[in-house]
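Me: I'd like a close look at one part of this structure, together with whatever surrounds it. Please keep it brisk and give the cut-offs as you go.

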Amino acid sequence: MAAGGYTLLPRKAFDPACNIKGNISINSRAKIYHVPGQENYEDTKISPQYGERWFCSEAEARAAGWRKAGR
């Protein structure tokens, strides 16, 4: 179990080509996606039970209503 009391699914459970992280802000509930190389990408954890998910392209993330992280 990860910090905060939620279970992280192993990365290997997902298609490795789908490496864009769709994260939901705790405070604002904003849907934000992170791409590899962005400042907070490595620290971003995906918790599907909270509606967070992986995307295979930025276009897919945008079409689902998510916005790109600013940094």
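## A close look at one residue and its sheet

Reply: His34 counts as buried because its relative accessibility is 8%. Buried means under 20% relative accessible area, exposed means over 50%, and partly exposed lies in between, with a 1.4 Å probe and protein chains only. This is a predicted model, where local features need pLDDT of at least 70 and side-chain atom pairs count only at pLDDT 80 or more, while totals for chains, interfaces and linings use all residues. Residues are numbered from 1 along each chain as its sequence is written, and side-chain values use heavy atoms, leaving out hydrogens and water.

Where does His34 lie? It is in strand β2, residues 31-34. Strands here are DSSP runs (E, at least two residues), helices are H or I runs of at least four, and both are numbered from the N terminus. Leaving aside residues up to four places away in sequence, His34 touches Asn19, Ile20, Lys21, Asn23, Asn40, Tyr41, Thr44 and Ala69. A contact means heavy atoms within 4.5 Å.

One of those neighbours, Lys21, stands opposite His34 in β2. Lys21 has another partner too: its charged end sits over the ring of Tyr41, 4.2 Å from the ring centre. That label needs NZ of Lys or CZ of Arg within 6 Å of the ring centre and within 35 degrees of the ring normal. Tyr41 is also among the residues that His34 touches.

Now the strand that Lys21 comes from. β1 covers residues 20-24, and five of its five residues are buried. Ile20, Gly22 and Ile24 point one way from β1. Lys21 and Asn23 point the other way. All of these are buried, whichever way they point.

How is β1 held on each side? Four bridges join β1 to β2, and the two strands run antiparallel. Two strands pair if DSSP finds at least two bridges between them. Gly22 stands opposite Tyr33 in β2. β1 and β2 form a hairpin with six residues between them. Arg29, in that turn, has a positive phi of about 65°. Towards β3, three bridges join β1 and β3, again antiparallel. Here Ile20 has Phe55 as its bridge partner.

β2 has a further neighbour. Two bridges join β2 to β4, and these strands run parallel. Tyr33 stands opposite Lys68 in β4. Put together, four strands form an open sheet in the order β3-β1-β2-β4, with mixed pairing. The edge strands are β3 and β4, each pairing on one side only.

Back to Phe55, the partner of Ile20. The structure holds one aromatic pair. Phe55 and Trp66 form it, edge-to-face, at 5.3 Å centre to centre and 70° between the planes. Phe55 lies in strand β3 (residues 53-55) and Trp66 in the loop between α1 (58-63) and β4 (67-68), so the pair ties together parts eleven residues apart in sequence. For the cut-offs, rings of Phe, Tyr and Trp (its six-membered ring) pair if their centres lie within 6.5 Å; planes under 30 degrees apart count as stacked, over 60 as edge-to-face and the rest as tilted. Phe55 is buried at a relative accessible area of 0%. Trp66 is buried at 6%.

A disulfide also links this region. A search of the whole structure finds one. Cys18 and Cys56 form it, with their sulfur atoms 1.6 Å apart; the cut-off for a disulfide is a pair of cysteine sulfur atoms within 2.5 Å. Cys18 lies in the segment before β1 and Cys56 in the loop between β3 and α1, so the pair ties together parts 38 residues apart in sequence. The torsion about the S-S bond is about 70°, so this disulfide is right-handed. Cys18 counts as buried at 8% relative accessibility, whereas Cys56 is partly exposed at 43%.

Finally, the setting. The protein has one helix and four strands, running β-β-β-α-β from the N terminus. Buried residues make up 34% of its 71 residues. Among contacts between residues at least 6 apart in sequence, 55% join residues at least 24 apart. The accessible surface comes to about 4,600 Å², of which 52% belongs to carbon and sulfur atoms. Accessible areas come from the Shrake-Rupley method with a 1.4 Å probe; for residues, only the protein chains shown count as cover.
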